[in-house]
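Trainee: I would like to go through this model with you, one point at a time. Please reason briefly and finish on the value or name I ask for.

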Amino acid sequence: MAGFEELSNQLNRMAKGAKELEGTHETSFAELFTDSFVQANSKFHSMDEFWQSVGINSTEDFDNIPDEKLNAFVSSNTTFSTFQEMLDEATNAYISRKLGF
């Protein structure tokens, strides 16, 4: 019976996580790019360190950096080819965490 209870609890947690993901919402970079994600996929310890290294210190800096420059930095310093690829993978990891995987 304990195995069934454990499965039931996990399914309930997954359902709760799925409910939280319903609809449209904004998720911060801090929620997406956790330290563990950054450490596993780059030479950096945190996203703050990543941003500083590429020269991004504000939202304005992020908005103004040429895609080519950001993508070249990502390609050289992470396991990803582009920032979009990095963002997509961070989003997938976030969804997996929310669903309890």
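Mentor: Start with K69, and keep in mind that the model is predicted. The relative accessibility of K69 is 48%. Buried means under 20% and exposed means over 50%, so K69 falls into the class partly exposed.

Trainee: Which helix holds K69, and how far is its C-alpha atom from that of V54?

Mentor: K69 is found in helix α6. Along the chain, K69 and V54 are 15 residues apart. The separation of their C-alpha atoms is 8.7 Å.

Trainee: Which residues of α4 meet residues of α6?

Mentor: On the α6 side, the residues are K69, L70, F73 and V74. Their partners in α4 are F50, S53 and V54. By class, the residues of this contact divide into five nonpolar, one polar and one charged. The α4 residues asked for are thus F50, S53 and V54.

Trainee: Is α4 parallel or oblique to α6?

Mentor: Helix α4 covers residues 47-54 and helix α6 covers residues 67-77. Their axes come within 11 Å and cross at roughly 125°. That angle makes α4, relative to α6, oblique.

Trainee: Is the crossing of α4 and α6 left-handed or right-handed?

Mentor: The angle alone, roughly 125°, leaves the hand to be stated separately. For α4 and α6, the crossing is right-handed.

Trainee: What does the secondary structure of the protein chain come to, in helices and strands?

Mentor: From the N terminus on, the elements run α-α-α-α-α-α-α. The count is zero strands and seven helices.

Trainee: What percentage of the residues of the protein chain count as buried?

Mentor: The protein chain has 101 residues. Buried means under 20% relative accessible area. The share of residues that count as buried is 27%.

Trainee: Which helix gives the most to the largest nonpolar core?

Mentor: The largest nonpolar core has 20 residues, and F33, M47, F50, F83 and M86 have the most contacts inside it. At least two residues each come from α3 (35-41), α4, α6 and α7 (83-99). With five residues, the helix that gives the most to this core is α7.

Trainee: What does F33 touch, leaving out residues up to four places away in sequence?

Mentor: F33 is among the residues with the most contacts inside the largest nonpolar core. Contact means heavy atoms within 4.5 Å. With residues up to four places away not counted, F33 touches V38, M47, F83, M86, L87 and A90.

Trainee: How far apart are the C-alpha atoms of E89 and F33?

Mentor: E89 lies in helix α7 and, at 37% relative accessibility, counts as partly exposed. Beyond four places in sequence, E89 touches F37 and F80. E89 and F33 are 56 residues apart along the chain, and their C-alpha atoms are separated by 9.6 Å.

Trainee: What share of the contacts with a separation of 6 or more do residues 24 or more positions apart account for?

Mentor: The total here is the contacts in the protein chain with a separation of 6 or more. Residues 24 or more positions apart account for 55%.

Trainee: Where is T82 found, and how far is its C-alpha atom from that of N71?

Mentor: T82 is found in the loop between α6 and α7. At 28% relative accessibility, T82 counts as partly exposed. Apart from residues up to four places away in sequence, T82 touches N71 and V74. T82 and N71 are eleven residues apart in sequence, and their C-alpha distance is 4.5 Å.

Trainee: With which residues is D61 in contact, leaving aside its neighbours within four places in sequence?

Mentor: D61 is found in helix α5 (residues 59-64) and counts as partly exposed at 29% relative accessibility. From D61 to W51, ten residues away in sequence, the C-alpha distance is 9.7 Å. Leaving aside neighbours within four places, D61 is in contact with G55 and I56.

Note on methods:
Residues numbered from 1 in each chain as written. Predicted model: local features only at pLDDT ≥ 70, side-chain atom pairs only at ≥ 80, totals over all residues. Heavy atoms only, no water. Axes fitted to C-alpha atoms, helices over the stretch in contact; angles between N-to-C directions. Helix = DSSP H or I, 4+ residues; strand = E, 2+ residues; numbered from the N terminus. Parallel < 35°, antiparallel > 145°, perpendicular 65-115°, else oblique. Left-handed = near helix turned anticlockwise from the far one by under 90°. Nonpolar A, V, L, I, M, F, W, Y, C, P; charged D, E, K, R; others polar. Core = buried A, V, L, I, M, F, W, Y, C linked by side-chain atoms within 4.5 Å. Buried < 20%, exposed > 50% of the residue type's maximum accessible area, 1.4 Å probe, protein only.
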